[in-house]
Amino acid sequence: MFEEFLEAFVLVFVAEVGDKTQLMLMTLAAKYNALQMILGILLGVSINHGAAVLIGCYLSNVINGNLLQFFTGFIFIVFGIMTIVFDDEGEKGRSFKLGPVLTTALTFLLGEMGDKTQLTAMTLAMEAQHPALVLAGSVSGMLAIGIVGIIIGSALTKHIPSNIIKAISGLIFIIFGLMRFI
């Protein structure tokens, strides 16, 4: 029983090392405090991986993989452009502020759609005797790697100007998006 939790935790943690999720966290760490981000990660990943565990096997048979790749690539490119183009100071006056927790949650919910960790949770849940443990393991793995990303992001923002981190992060999103089309 514990093996299902441990397998999901390890696979998700290892899959996310150096992934776009850590890059998203480094960008968000420049704006929000760690507790807000952890709550956002928990909310976003629970919804994302929860959907994978509950209906993942059905979605994998219904949605064309190429269409999913196209959509994900497009979203990453949009995130990258938005990261580079929109000024953080300008966001303060916008009427659609969601707050740090919901912004982080939405970033994770959308950013992890069709990602290898969501697919890992889906695949493990298809074979699991205890799908709730798979969900707990995958969410715990994302939280653990999230905390690592927050620590690195917070440390980087002390030594590197946030506009440089923002530009690099935006470019990485665009590259990840373009890679989905190759």
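Angles between helix axes under 35 degrees count as roughly parallel, those over 145 as roughly antiparallel, those from 65 to 115 as roughly perpendicular, and the rest as oblique. The structure discussed here is a predicted model, in which local features need pLDDT of at least 70 and side-chain atom pairs count only at pLDDT 80 or more, while totals for chains, interfaces and linings use all residues. Residues are numbered from 1 along each chain as its sequence is written, and side-chain values use heavy atoms, with hydrogens and water left out.

The protein has nine helices and zero strands, where helices (H or I, at least four residues) and strands (E, at least two) are DSSP runs numbered from the N terminus. Of its 182 residues, 38% are buried, a word that stands for under 20% relative accessible area, with exposed meaning over 50% and partly exposed in between (1.4 Å probe, protein chains only).

**Helices α1 and α7**

Two packed helices are described by the angle between their axes and the distance between the axes. The axes of α1 (residues 2-16) and α7 (residues 116-127) come within 9 Å and cross at roughly 160°, the axes being lines fitted to C-alpha atoms over the stretch in contact, with angles from 0 to 180 degrees between N-to-C directions. The helices α1 and α7 are therefore roughly antiparallel to each other. Contact (heavy atoms within 4.5 Å) is made by Glu7, Ala8, Leu11, Val12, Ala15 and Glu16 of α1 and by Lys116, Thr117, Thr120 and Leu124 of α7.

**Three residues compared by place and exposure**

| Residue | Place | Relative accessible area |
|---|---|---|
| Val14 | helix α1 | 55%, exposed |
| Phe108 | helix α6 | 0%, buried |
| Glu112 | loop between α6 and α7 | 0%, buried |

The side chain of Glu112 makes a polar contact with the side chain of Thr117 at 2.7 Å; a polar contact is a pair of N or O atoms within 3.5 Å, of which, within protein, one must be able to donate a hydrogen and the other to accept it, and residues adjacent in sequence count only if both atoms are side-chain atoms. Thr117 is also one of the α7 residues in the contact with α1.

Leaving aside its neighbours within four places in sequence, Phe108 is in contact with Thr21, Leu25, Ile41, Gly44, Val45, Asn48 and Met142. The C-alpha atoms of Phe108 and Ile41 are separated by 6.4 Å, although these residues are 67 residues apart along the chain. For Val14 and Ile145, which are 131 residues apart along the chain, the C-alpha separation is 8.5 Å.
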